[in-house]
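Me: Please walk me through one part of this model in detail, the strands towards the C-terminal end and whatever packs against them. Keep it casual, but give me the cut-offs as you go.

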Amino acid sequence: MKRILFNALLVLAVAFGFTAFAQTNGNVRAMGPGPVVSISSSYDAMPAAVKTFIKSNFHKVKVTEVNKLTMKGVNELKLSNGYKIEITDAGQWAEVEAPNNATIPHKLLKKLIPKEAYRYLLSKRIQNRVEEISFDPEKGYKLDVKGHDDIKYSKEGKRLIQ
């Protein structure tokens, strides 16, 4: 009886494994044992809110790679100009990273970060040195500035002193 139960469970486990793999079309980045961490996708399969963000902020740039980061609940996009973006299906950006030796254009910064943060960058004359920005709905904004300490703002736009 134990052997029959064991064999039945083994068949179910194997069948479930094949089914899970088939649902991803085989485009799974293996990170060892555990849950699926990243699934390759296409830009055409992205929700409309993601496409709207890309078109309004990177209108002449092509998306070259799309990965759904399942553990974080975001999509990681790589653009032809080297930028990397993490964005939710709802279109809320989580991270914008400039390519090596580049910075985020001040027009894009002005659109994505609180006014107070942008004014601070202008006052310190470092608006052209921001390499990466990130946003967490619970923690707020973080700006990585070349040659400067990270700058943090609450989600309400108040500067957080480290």
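Reply: Let's start with β7 and β8, which pair in the antiparallel sense over 3 bridges. Pairing here asks for at least two DSSP bridges between two strands, and the elements themselves are DSSP runs numbered from the N terminus, with helices being H or I over at least four residues and strands being E over at least two. One thing to keep in mind is that this is a predicted model, so to speak of local features takes a pLDDT of at least 70 and side-chain atom pairs count only at pLDDT 80 or more, while totals for chains, interfaces and linings use all residues. Residues are numbered from 1 along each chain as its sequence is written, and side-chain values use heavy atoms, with hydrogens and water left out.

Back to the strands. Across the β7/β8 pairing, Tyr141 stands opposite Tyr153 in β8. The two strands make a hairpin with 5 residues between them, and Gly147 there takes a positive phi near 75 degrees. On its other partner, β7 is joined to β6 by 6 bridges, again antiparallel. Ile133 faces Leu143 of β7 in that pairing, and the β6/β7 hairpin has 3 residues between its strands. As for burial, 5 of the 6 residues of β7 are buried, so the strand is largely enclosed by the rest of the structure. Buried is under 20% relative accessible area, exposed is over 50%, and partly exposed is in between, using a 1.4 Å probe and protein chains only.

Now follow Tyr141 into its aromatic company. The structure holds 4 aromatic pairs. To pair, rings of Phe, Tyr and Trp (its six-membered ring) need centres within 6.5 Å; planes under 30 degrees apart are stacked, over 60 edge-to-face, and the rest tilted. Trp93 and Tyr141 make a tilted pair, at 6.2 Å centre to centre with 45 degrees between the planes. Trp93 is in strand β5 (residues 93-97) and Tyr141 in strand β7 (residues 140-145), so this pair ties together parts that are 48 residues apart in sequence. Both of these residues, Trp93 and Tyr141, are buried. Phe135 also pairs with Tyr141, tilted too, at 4.6 Å centre to centre and 45 degrees between the planes. Phe135 and Tyr141 are both buried, and Trp93, Phe135 and Tyr141 form one aromatic cluster.

Just past β8 there's Ser154, in the loop between β8 (151-153) and β9 (159-160). With 9% relative accessibility, Ser154 counts as buried. Leaving out residues up to four places away in sequence, Ser154 touches Lys139, Gly140, Tyr141 and Leu160, where a contact is heavy atoms within 4.5 Å.

Lys139 and Gly140 turn up again at the largest pocket. That pocket has a volume of about 250 Å³, and among its 15 lining residues Ser134, Phe135, Asp136, Lys139 and Gly140 lie nearest its centre. β5, β6 (130-136) and β7 each supply at least two residues of the lining. In the recipe, a 1 Å grid is laid over the protein atoms alone, and a pocket is an open set of points with protein on both sides within 12 Å along at least five of seven lines, whereas a cavity is a set where a 1.4 Å probe fits but cannot get out; lining residues have an atom within 4 Å of a point. Points are joined across faces, edges and corners, and the volume is the space filled by probe spheres set on them.

There is also a charge to look at by β9: the charged end of Arg159 sits over the ring of Tyr120, 4.2 Å from its centre. The criterion is NZ of Lys or CZ of Arg within 6 Å of the ring centre and within 35 degrees of the ring normal. Elsewhere, the charged end of Lys51 sits over the ring of Tyr43, 5.9 Å from its centre.

To place all this in the chain, the elements run α-β-α-β-β-β-β-α-α-β-β-β-β from the N terminus, which comes to 4 helices and 9 strands. Buried residues make up 33% of the 162 residues.
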